[in-house]
Every structure is written in C-alpha cells, then in structure tokens.
Amino acid sequence: MENAPPISAMCLTYGRPHLLEEAIHSFLLQDYPGPKELVVLNDFSKQTLFFDHPEVRVVNVEARFRTVGEKRNACAALASHDILFVWDDD
C-alpha cells in the first residue's frame, strides 16, 4: 500500500508484563507499510515499565485511572496519529 497513512495503536496495561511482552512483540511483527507507533499506557504505580524502540512509547502514570474509558481517552490523547487501533495486552 503506497502512501499508507500513519497509525497509532493504543495498549492499556496494568500489572501484566508477561502479556505486555507478547503484545509488543506482536505489534513489532506487523508488516504495515506506513509509519506506526504503539502507545503503552501503564497506570500500575508499583511497576515502572521501559522499552527502547522507535515504534513503541511507554507512558507510566502514578495514579490509576477511574475507568477504562478514561484510560482509553488518555491513551488516545497521547497518540501521535489520527488513525487509532486498540492493541490491549490481553
């Protein structure tokens, strides 16, 4: 697909690093031809996540979101691109 639009995938996580590792790995295996990013939003204050890759951005926050909807909206606001995909860790 020539000139594929840039996309952002939103991954909400909370204390499940074993599932998150698989979700990140699966994202990086995608052969989407355009620019892509995975935004990982972690609100588990007892665990700070790090991942160094140009297509993956991890955001750790100290306070837990009240609802999944609030967390999803926050993740969408962090996305760099307008086309959004859900890419949860489970």
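Helix H1 is built from 13 residues and spans 18 Å between its first and last C-alpha, close to the 18 Å expected at 1.5 Å a residue. The model described here is a predicted one. Alongside this helix, the briefing covers an open sheet of four strands, a second helix, H2, that lies across the strands S1, S2, S3 and S4, and a nonpolar core of nine residues.

**Helix H1 and its two faces**

- Within H1, the residues Leu 20, Ala 23, Ile 24 and Phe 27 are buried, and they lie on the same side of the helix because they cover an arc of only 95° around its axis.
- An α-helix has 3.6 residues a turn, so residues three or four places apart point the same way.
- The face of H1 turned away from the buried side carries the exposed residues His 18, Glu 21, Glu 22 and Leu 29.
- The buried residues of H1 pack against the strands S1, S2 and S3, and the helix, which comprises residues 17-29, lies across these strands while running at about 170° to S2.

**The sheet and helix H2**

- The four strands of the open sheet follow the order S3-S2-S1-S4, and their pairing is parallel.
- At the edges stand strand S3 (56-60) and strand S4 (83-86), each of which pairs on one side only, and neighbouring strands of this sheet are turned by 25° against each other on average, direction ignored.
- Strand S2, made of residues 36-42, runs parallel to S3 and is joined to S3 by five bridges, with Asn 42 of the one strand standing opposite Asn 60 in S3.
- Helix H2, residues 68-78, runs at about 145° to S1.

**The nonpolar cores**

- The largest nonpolar core consists of Ala 9, Cys 11, Leu 20, Ile 24, Phe 27, Leu 38, Val 40, Leu 49 and Val 56.
- S1, H1 and S2 each supply at least two residues of this core, and H1 gives the most, with three residues.
- Leu 20, one of the core residues, touches Cys 11, Thr 13, Val 40, Leu 49 and Asp 89, when residues up to four places away in sequence are not counted.
- There is also a second, separate core of six residues, among them Leu 12, Val 39, Leu 41 and Val 59.

**A buried serine in strand S1**

- Ser 8 is found in strand S1, and this serine counts as buried because its relative accessibility is 0%.
- Leaving aside residues up to four places away in sequence, Ser 8 touches Glu 37, Ala 79, Ser 80, His 81, Ile 83, Leu 84 and Phe 85.

Notes. Residues are numbered from 1 along each chain as its sequence is written. This is a predicted model: local features need pLDDT of at least 70, side-chain atom pairs count only at pLDDT 80 or more; totals for chains, interfaces and linings use all residues. Side-chain values use heavy atoms; hydrogens and water are left out. Two strands pair if DSSP finds at least two bridges between them. Axes are lines fitted to C-alpha atoms, for helices over the stretch in contact, and angles run from 0 to 180 degrees between N-to-C directions. Contact means heavy atoms within 4.5 Å. Buried means under 20% relative accessible area, exposed over 50%, partly exposed in between (1.4 Å probe, protein chains only). The expected span of a helix is 1.5 Å times one less than its number of residues. The arc is that of the directions from the helix axis to the C-beta atoms. A nonpolar core is a set of buried Ala, Val, Leu, Ile, Met, Phe, Trp, Tyr and Cys residues joined through side-chain atoms within 4.5 Å.
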